[in-house]
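Work through the exercises below with the sequence and the model open. Try each task before you read its solution.

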Amino acid sequence: MSKESPPQLMSIQNIADDCARILRRSVEVTTPAIAVIAASAQIGAIDQHRASSILHRTPPPEPIPWMLSYGIQDAVLPVRLPANPRYDMLPRVVVPLRHQGKLVGYLWSIDEPPLGDAPVVRLGSLLTTLARLIDERDAPLAARAQQLAEMTREVLSGDAAALATARERDLLPSDGALTVHRVLMDGDKRAVAVELARPLARRPFLVADSHDSLVLIECSRGAEDTAAVMEELRSACRVAGAQVLACGSAPTARQARLMADVATLRGVESMSWEDAGAWRLLRGWELTPATVVEISPDAAVLLDDPRNSYWHTLLTYFEHSRNVSATAAALYIHRATLHYRLDRVREILGPGVLDDGWRSAALYVALKLHAALEGRGS
């Protein structure tokens, strides 16, 4: 879905062709996220990376961190990247395109045979015009990001009409399961949202920045769709200089919020509702030590006892479905030692607690939260 006017895109394409003629080799014009805007006809050497970039209008994600490691985002002058056989890449010359000091894109060319400085210098006025055109092309991005944010909030509110409208406008696909991603990050969330508003050749999704996180909504047909959205997010973060701290994914916004909080608590990058298990029972609760006590008074008794190291044994026992052999193996202890510890737990808690389904369930969830708060989550 492209919002660019044909004359503007044609001007960018014409300049790309002119640059290729001057350099006597193929060039690509990309966004700061290295998505292809325009590409010249093939002249000279080619590798699999260029072929894939042109075919899919976006490069394979794997080598992008390596390319960025050469400082191309901060560069003002051309940067030379060596060949990288791991990614089937020939050497490249990367020319940063800046308009009024702002990075708006790159001009890429394969450096095989090696390209001297003189031909690049001859591009001077063309590159100035090219940077200006790209910046003008990007001017509507902030307005589009605002449109996506408003639609995101309406869909999150549960408005069925808003969801239908988003699909009619091709802002969301009509197939797939509605999935909400709540992303906690370090950096400029609004800049990331604006970068994600670029109309690329991809399966569309909604995005909005909130006061403490970024919210993405996709209609996922499976793991591949979600992986593609997450790669778009990582790419936008690289451009905006932001970093994803944790991501929670679920069918609803509240569930996604909980998953993001649990991921943060456990020190993992992401967590989904499908894999949440007992964590689902904590929806609506604050993830604090006070909640441990509120959920299960039995947990409070066990944790307050001088012999409270037994709580970890009990949690491991629960995690392994009360299987004595599996629990003993996980704790690297003898079965007899495990039975001794469980007897001590029953002594501390009193009779019948571990045999009461509801009390055991509450105790398990409380201990799971306690373990995460203590940094000992499984």
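The expected span of a helix is 1.5 Å times one less than its number of residues. Keep in mind that this is a predicted model.

**Exercise 1. Check the length of helix α5 (residues 124-138) against its expected span, then list its buried residues.**

Solution.
Step 1. Helix α5 has 15 residues, so at 1.5 Å a residue the expected span is 21 Å.
Step 2. The end C-alpha atoms of α5 are 21 Å apart, which agrees.
Step 3. Buried means under 20% relative accessible area. In α5 this holds for Leu126, Leu127, Leu130, Ala131, Leu133, Ile134, Asp135, Arg137 and Asp138.

**Exercise 2. Where on helix α15 do its buried residues fall, and what do they pack against?**

Solution.
Step 1. α15 covers residues 335-349 and reaches 21 Å from its first C-alpha to its last, close to the 21 Å expected.
Step 2. Its buried residues are Leu338, Leu342, Arg344, Val345, Ile348 and Leu349.
Step 3. Seen down the axis of α15, these residues fall within an arc of 155°, so they line one face of the helix.
Step 4. Recall the general rule: an α-helix has 3.6 residues a turn, so residues three or four places apart point the same way.
Step 5. The buried residues of α15 pack against α12 (297-304), α13 (310-319), α14 (324-331) and α16 (357-373).
Step 6. Now look just past the helix. Gly350 follows α15 and has a positive phi, near 100°.

**Exercise 3. Trace the pairing of strand β5 (102-110).**

Solution.
Step 1. β1 (residues 27-30) pairs with β5 in the antiparallel sense, over 4 bridges. Here Val27 stands opposite Ser109.
Step 2. β4 (residues 92-99) also pairs with β5 in the antiparallel sense, over 8 bridges. Pro96 has Tyr106 as its bridge partner in β5.
Step 3. β4 and β5 form a hairpin with 2 residues between them. In the turn, Gln100 has a positive phi of about 55°.
Step 4. β5 is mostly covered, with 8 of its 9 residues buried.

**Exercise 4. Describe the surroundings of Asp111, and find the cis peptide bond at Pro113.**

Solution.
Step 1. Asp111 sits in the loop between β5 and α4 (117-121).
Step 2. Its relative accessibility is 10%, so Asp111 counts as buried.
Step 3. Leaving out residues up to four places away in sequence, Asp111 touches Arg25, Arg80, Pro91, Arg92 and Val93.
Step 4. A polar atom of the Asp111 side chain lies 2.5 Å from the backbone nitrogen of Leu115.
Step 5. Pro113 lies in the loop between β5 and α4. The bond that joins Glu112 and Pro113 is cis, with omega about 0°.

**Exercise 5. Lay out the sheet that contains β7, and place the helices on it.**

Solution.
Step 1. Write the order: 5 strands form an open sheet, β7-β8-β6-β9-β10, with mixed pairing.
Step 2. Mark the edges. β7 (206-209) and β10 (270-272) each pair on one side only.
Step 3. Add the twist, which averages 15° from one strand to the next.
Step 4. β7 and β8 (residues 214-220) run antiparallel and are joined by 4 bridges. Ala208 has Val215 as its bridge partner in β8.
Step 5. Helix α6 (residues 141-156) packs on the sheet and touches β6 (177-186), β7 and β8. Its direction makes about 95° with that of β7.
Step 6. Helix α10 (residues 253-266) lies across β6, β9 (243-250) and β10, at about 135° to β9.

**Exercise 6. Is Glu218 buried or exposed, and which side chain does its own side chain meet in a polar contact?**

Solution.
Step 1. Glu218 is found in strand β8.
Step 2. Its relative accessible area is 3%, so Glu218 is buried.
Step 3. The residues that Glu218 touches include Leu172, Ala177, His181, Phe205 and Val229.
Step 4. The polar contact is with the side chain of Thr226, at 2.6 Å.

**Exercise 7. Compare the accessibility of Ile34 and Asp88.**

Solution.
Step 1. Ile34, in the loop between β1 and β2 (36-39), has a positive phi of about 70° although it is not a glycine.
Step 2. Asp88, in the loop between β3 (79-81) and β4, has a positive phi of about 55° and is not a glycine either.
Step 3. Ile34 is buried, at 5% relative accessible area, whereas Asp88 is partly exposed, at 42%.

Technical notes:
Residues numbered from 1 in each chain as written. Predicted model: local features only at pLDDT ≥ 70, side-chain atom pairs only at ≥ 80, totals over all residues. Heavy atoms only, no water. Buried < 20%, exposed > 50% of the residue type's maximum accessible area, 1.4 Å probe, protein only. Polar contact = N/O pair within 3.5 Å; in protein donor to acceptor, adjacent residues only side chain to side chain. Contact = heavy atoms within 4.5 Å. Arc of directions from axis to C-beta. Pairing = 2+ DSSP bridges. Axes fitted to C-alpha atoms, helices over the stretch in contact; angles between N-to-C directions.
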